[in-house]
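Q: I should like to learn how to read a structural model, one feature at a time. May we begin with the display?

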Amino acid sequence: MNKVMTRTQRRPGTRPPVRHDTRRPGRTPARTAPGGGRVSTAARSTTAAALLPEVLTAPTAQRPRPTDRFADLLLAVLSGRRPVHSMLRHTAGRAYDELAWLAEQGPLRTVHGTDPVIRDIGYYVAAPGALEVFARIGAGDRLSAMAFRLEHGPDHRWRCTAVELGGPRRPHTDD
């Protein structure tokens with residue numbers, strides 16, 4: 001199954017779309033009682049208890065897909081906004097070494113004050129529990145490509161097992 005998702009294009013000078021907190025139904029609850037007094041501790045705990053079921057039953061559509069999450073994490077590392085070691089628990093096999101080598105090369109570092117952003121994401125289901133993901137990354141007038149593989153492990157966590165960018169590849173060494 002092939003899927004391609006397009007992210008909305010952000011225009012310079014405009015604000016990004018608002019992220020709504022799914023745990024708060026309409027707005028932030030008032031901090032004072034209607035008469036102007038402070039809300040008691042008991043009243044605060046009942047408000048929290050009333051919101052608890054909504055937290056547990058938040059729609060899964062609001063949660064980011066693993067493809068989006070990993071694309072954002074990898075872009076942050078490759079653009080220098082996050083350290084490489086932040087991906088240790090999210091990678092398996094040679095992916096961490098590939099990522100460290102790519103980050104050292106700095107192909108997605110900020111160019112002329114323009115941070116790279118993910119324009120499109122698509123994926124291909126290579127096997128049950130394995131996704132091959134591609135992302136188009138834009139920085140100013142430059143467009144780059146990133147590809148990575150995600151595998152669903154026996155501990156029910158997604159891990160990145162391979163990372164590639166357009167350009168020279170890391171020389172493989174025999175382990």
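Q: In which strand is A127 found?

A: This is a predicted model. A127 is found in strand 2.

Q: Is A127 buried, partly exposed or exposed?

A: The class follows from the relative accessible area, and the middle class lies between 20% and 50%. A127 has 30% relative accessibility and therefore counts as partly exposed.

Q: How far apart are the C-alpha atoms of A127 and E151?

A: A127 and E151 lie 24 residues apart along the chain, and 9.2 Å separates their C-alpha atoms.

Q: How confident is the prediction, and which residues call for caution?

A: Where pLDDT is low, the predicted coordinates should not be read in detail. In this protein the average pLDDT is 75, and 57% of the residues score at least 70. Over residues 38-60 the pLDDT stays under 50, and for this stretch the model has 14 contacts beyond four places in sequence.

Q: How many helices and strands does the protein have, and in what order do the elements run?

A: The protein has three helices and five strands. Read from the N terminus on, the order of the elements is β-α-α-α-β-β-β-β.

Q: What share of the residues is buried, and what share of the contacts joins residues that are 24 or more positions apart?

A: Of the 175 residues in the protein, 26% are buried. Among contacts with a separation of 6 or more, 52% are between residues 24 or more positions apart.

Q: How do helix 2 and helix 3 pack?

A: Two packed helices are described by the angle between their axes and the distance between the axes. Helix 2 spans residues 66-78 and helix 3 spans residues 95-105; their axes lie 9 Å apart at an angle of about 45 degrees. The two helices are therefore oblique to each other. Helix 2 contributes L74, V77 and L78 to the contact, while helix 3 contributes L99, L102 and A103. By class, the residues of this contact are six nonpolar, no polar and no charged.

Q: In which sense do strand 2 and strand 3 run, and how many bridges join them?

A: Strand 2 (residues 117-127) and strand 3 (residues 130-139) run antiparallel and are joined by nine bridges. As an example of the register, D120 stands opposite R136 of strand 3. The two strands form a hairpin with two residues between them, and G129 in the turn has a positive phi of about 85 degrees.

Q: How many bridges pair strand 4 with strand 5, and how many residues lie between these strands?

A: Strand 4 (residues 142-152) pairs with strand 5 (residues 158-165) in the antiparallel sense, over seven bridges. Within this pairing, F148 has V163 in strand 5 as its bridge partner. The hairpin has five residues between the strands.

Q: What can be said of H156 and P154 in that loop?

A: H156 lies in the loop between strand 4 and strand 5. Its phi is positive, at about 65 degrees, although H156 is not a glycine. H156 has a relative accessible area of 64% and is therefore exposed. P154 is found in the loop between strand 4 and strand 5; with a relative accessible area of 82%, P154 is likewise exposed.

Q: How far is the C-alpha atom of P154 from that of G129?

A: The C-alpha atoms of P154 and G129 are separated by 9.8 Å, and the two residues are 25 residues apart along the chain.

Conventions
Residues are numbered from 1 along each chain as its sequence is written. This is a predicted model: local features need pLDDT of at least 70, side-chain atom pairs count only at pLDDT 80 or more; totals for chains, interfaces and linings use all residues. Side-chain values use heavy atoms; hydrogens and water are left out. pLDDT is the predictor's confidence in each residue, from 0 to 100. Contact means heavy atoms within 4.5 Å. Axes are lines fitted to C-alpha atoms, for helices over the stretch in contact, and angles run from 0 to 180 degrees between N-to-C directions. Helices (H or I, at least four residues) and strands (E, at least two) are DSSP runs, numbered from the N terminus. Angles under 35 degrees count as roughly parallel, over 145 as roughly antiparallel, 65 to 115 as roughly perpendicular and the rest as oblique. Ala, Val, Leu, Ile, Met, Phe, Trp, Tyr, Cys and Pro count as nonpolar, Asp, Glu, Lys and Arg as charged, and the others, Gly among them, as polar. Two strands pair if DSSP finds at least two bridges between them. Buried means under 20% relative accessible area, exposed over 50%, partly exposed in between (1.4 Å probe, protein chains only).
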